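Please look at how the ligand is held in this model, beginning with the residues around it and then turning to individual contacts.

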Amino acid sequence: MIFDVITIFPEFFCGILEHGLLKRAIGGSYVSIRLHDLRDFAEDTHRSVDDRPFGGGPGMVFKPEPLFRAVESIQAQQSGRRSRVVLLTPQGQVLNQRRVEQLSREPGLILICGRYEGVDERVAAHLATDEISIGDYVLSGGELAAAVIMEAVARLLPGVLGNQQSAISDSFAMAAASPGGGEAAGLLDFPQYTRPAEFRGWKAPEVLLSGNHQQIREWRAQQALAKTYKNRPDLIERLPKEA
Ligand code: SAM
């Protein structure tokens, strides 16, 4: 999987790529992340990539030309299936695990990070294949959103997580519930406990210490359902009817 990130702040990604899952995914050659400075595709000597909005109003807007040039130069180096072009924007479709699973089957993604008041609408209309939001709130730039997509997608790629079962049984996972694990696809994960068995008088559920795997599976399935009803009843309403 190749991620091409277009940003005016390539250095923003330093910490994220040097730690944890993305570092392991890069080190293991499961993903390749290429950072492209949008200013390298500006046409003037000041390397300007933004301008005032037509019609007035506060702030600046990313001009279309540098973004088209950046994406087209990346595409010119691609052979075979083209990467989807994802514009990060609060106006996009809200990301969820199902969409992440779809994106993980792509050969690559070109991620466009906006800033300021946003991006000239001709980019959404004529360049991007997808407009994605990471939630109903507004960030100052698309870089964090791009990082969220890269991490969520990378952890689904075969081999990236040491134990792939973990991704299959995570909250929201639709791909498959773990075999015999008792979880239904699309629910929240079951509650987890670890040592000590008692902390400040609060005991871990006895069933988890019983060694009875059948009872543990049943308890976890009930708890996952109960937690989903309590915190995210919308997930249950959205489940396929046959689930
Ligand atoms: N004026 C825009 C609006 O109200 O829709 C907000 C622009 S925002 C301050 C600047 C940039 O941050 C956007 O172009 C986008 O790339 C990014 N951004 C902000 N919130 C986001 C979100 N929820 N999901 C994805 N990207 C986001």
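In what follows, Ala, Val, Leu, Ile, Met, Phe, Trp, Tyr, Cys and Pro count as nonpolar, Asp, Glu, Lys and Arg count as charged, and the others, Gly among them, count as polar. The model is a predicted one. By these classes, the shell around the ligand is made up of nine nonpolar, nine polar and two charged residues. The ligand is surrounded by 20 residues, and the closest of them are L88, Q91, G114, Y137 and L139.

The backbone takes part in several short approaches to the ligand. A backbone N or O atom of G114 lies 2.9 Å from a ligand oxygen atom, whereas the approaches of the next two residues are to nitrogen: a backbone N or O atom of G135 lies 3.1 Å from a nitrogen atom of the ligand, and a backbone N or O atom of L139 lies 2.9 Å from a nitrogen atom of the ligand. Of the 580 Å² of accessible area that the ligand has on its own, the protein covers 84%.

As for its place in the protein, the ligand sits in the largest pocket. The elements that contribute two or more residues to the shell are β5, spanning 84-94, and β7, spanning 130-133, and it is β5 that supplies the largest share, with four residues.

Strand β5 also contains G92. With a relative accessible area of 15%, G92 counts as buried, because that term applies to values under 20%. Computed from C-alpha to C-alpha in the model, G92 and I110 are 15 Å apart in space, while 18 residues separate them in sequence.

Methods: Residues numbered from 1 in each chain as written. Predicted model: local features only at pLDDT ≥ 70, side-chain atom pairs only at ≥ 80, totals over all residues. Heavy atoms only, no water. Near = heavy atom within 4 Å. Polar contact = N/O pair within 3.5 Å; in protein donor to acceptor, adjacent residues only side chain to side chain. Areas by Shrake-Rupley, 256 points an atom, 1.4 Å probe, with all protein chains shown as cover. 1 Å grid on protein atoms, 1.4 Å probe; cavity = no way out; pocket = protein on both sides within 12 Å on 5 of 7 lines; lining within 4 Å. Sits in = over half its atoms within 2 Å of the grid points. Buried < 20%, exposed > 50% of the residue type's maximum accessible area, 1.4 Å probe, protein only.
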